[in-house]
Amino acid sequence: MSQAATLDERVAVLRAQGIHSVLATFTDLLGAPKGKLVPLERLAQAVEQGAGFSGPSIAGTGLPRMGARSEYMGRVRPESLRPLPFMPGVAHAVCDGFAGGAPLDTCPRQVLQRQVARLQAERGWTLWVGIEPEFFLLNRDTQGQWRVADGEDRLAKPSYDLQAIGRNFGFLNDMRQTLDALGFQLEQIDHEDASGQYEINYRHDDALAAADRYQLFKLAAQAVARQHGAVFSTMPKPLAHAPGSGLHFHLSLTDAQGRPVMADPAGTLGLSETGQRFAAGLLHHADALAALCAPTVNSYKRLAASRSASGTTWSPVWKALGDNNRTCLVRGVAGRMEWRLPDPACNVYVAIAATLAAGLSGIDRALPPVAPCEDDLYERHAVGDPLPQRLPRDLLAALDALAADAALREAVGPAFCAEFLALKHDEWAAWSQQVTDWERQRYADAP
């Protein structure tokens, strides 16, 4: 369907495809897709005024219980309409959040749109993001305990395990067909370095489209996994002694003429001065970015310099930049950079927005280039050699760093950050009150 097609033309095409309803979706502060079904006949109203939701019922809107601004209006973006292969008769649509007739400053998609608009208005640049989703396939056993869905997936080092791919080919092939039907340009599918863990790669896009696409990827993966009796899990580290899941961002910038801004074949790590300053901005704000890119208690089980049953871990613990060095937080590769901090529990819109804001801060402040790390940091860690500064060790430390980073909070959006910090402090307080099996086993009968 053409981007320039009128709404009436889009409705006619959808009706000819047997579509009767639109799944109007938005993303809450915690990164979860939400929405409702809207009859196709009411699509025009959903585009112009929005599909209505109770604002206080949505995590992190900050909207009141009464008055004109109590209603969250999700305005459908017509260009996002596409039939859902796993919901016959239903088309998917992305919504922007409005309240009281104005863009909602706590809407994650609006947070990213503001950063993208700033990038275009001030510089004429476009941020391109390639997202690498890693995830687990899990289910519950008869005792209600979570376990890997494929009970035969038990290799000590399961990376690229073809037997597991064969056993789970039904799920993987259904994912391929579903993503193809949704317009994803698939690049590869592989088994990752933990039992039950997979990665599906698809083509990069501009920042906003990339975030929209990842949210659609999650919807598709959840649906296909259910069809195969499994749960698609974005939990960063569900298995204590195995690597966790990341959501790496491959970042590049182009100017108004489409020329690369970050890349310079003659520059350090193939990066231009601008690219090196962008990387310096990421590292400068890394502690605060951790709160937004690794936003759960469990995220910091992944971000730990711990041993892995597979013998390898790629956890980006230390704030460093390296040449194709996966032990660093920022990996320089082919004139772009891989930002290795985000995990799949993040709100992808806000994680990209904050990453962009931090990188631009490095450019605007002309931060000096960071000396590239030429070592395997895990080898240095093993022998006790000096290491770069490490990321926060837990969610509370990351939240404290975000609260202290006024410049990043102002760039991302003070209203959003205030709601985020409040909800996440509640999460930390709830976690702190839990008594785990590990504690009982260690302390219950201690003298």
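Which strands and helices do the buried residues of H5 pack against? In this predicted model, in which local features need pLDDT of at least 70, side-chain atom pairs count only at pLDDT 80 or more, and totals for chains, interfaces and linings use all residues, the buried residues of H5 pack against strand E8 (126–140), helix H4 (162–167), strand E10 (186–191), strand E11 (197–202) and helix H6 (207–227). Residues are numbered from 1 along each chain as its sequence is written, and side-chain values use heavy atoms, with hydrogens and water left out.

Helices (H or I, at least four residues) and strands (E, at least two) are DSSP runs, numbered from the N terminus. Contact means heavy atoms within 4.5 Å, and buried means under 20% relative accessible area, exposed over 50% and partly exposed in between, with a 1.4 Å probe and protein chains only.

**Helices H5 and H7**

The buried residues of H5 are Phe171, Leu172, Asn173, Met175, Thr178 and Leu179, and the helix is followed by glycine 183, whose phi is positive, near 90 degrees. In H7, the buried residues are Gly275, Gln276, Phe278, Ala279, Ala280, Gly281, Leu282 and Leu283; they pack against strand E14 (247–254), H8, strand E15 (318–323), strand E16 (328–333), strand E17 (336–339) and H10. The table sets out the length check for these two helices, where the expected span is 1.5 Å times one less than the number of residues.

| Helix | Residues | Expected span | End C-alpha distance |
|---|---|---|---|
| H5 | 169–181 (13 residues) | 18 Å | 18 Å |
| H7 | 273–284 (twelve residues) | 16 Å | 16 Å |

For H5 the expected and modelled spans agree, and for H7 they agree as well.

**Two helix pairs**

Axes are lines fitted to C-alpha atoms, for helices over the stretch in contact, and angles run from 0 to 180 degrees between N-to-C directions. Helix H3 (residues 108–123) and H6 have axes that come within 9 Å and cross at roughly 160 degrees, and H3 and H6 are therefore roughly antiparallel to each other, a label that applies to angles over 145 degrees. Their crossing is right-handed, meaning that the near helix is turned clockwise from the far one by less than a right angle. Arg109, Leu112, Gln113 and Val116 in H3 meet Ala207, Leu208, Ala211 and Asp212 in H6. By class, this contact has five nonpolar, one polar and two charged residues, where Ala, Val, Leu, Ile, Met, Phe, Trp, Tyr, Cys and Pro count as nonpolar, Asp, Glu, Lys and Arg as charged, and the others, Gly among them, as polar.

Helix H8 (residues 286–293) and helix H10 (residues 348–364) pack at an angle of about 165 degrees, with their axes 9 Å apart, and are therefore roughly antiparallel to each other; the crossing of H8 and H10 is right-handed. Leu289, Leu292 and Cys293 in H8 meet Val350, Ala351, Ala354, Thr355 and Ala358 in H10, and by class the contact has seven nonpolar, one polar and no charged residues.

**Two buried residues**

Glutamine 115, found in helix H3, counts as buried at 2% relative accessibility. Residues up to four places away in sequence not being counted, glutamine 115 touches Ala353, Leu356, Ala357, Ala411 and Val412.

Glycine 359 lies in helix H10 and counts as buried at 0% relative accessibility. Although 78 residues separate glycine 359 from glycine 281 in sequence, the two are 4.6 Å apart in space, C-alpha to C-alpha. With residues up to four places away in sequence again left out, glycine 359 touches Arg277, Phe278 and Leu282.

Notes: Angles under 35 degrees count as roughly parallel, over 145 as roughly antiparallel, 65 to 115 as roughly perpendicular and the rest as oblique.
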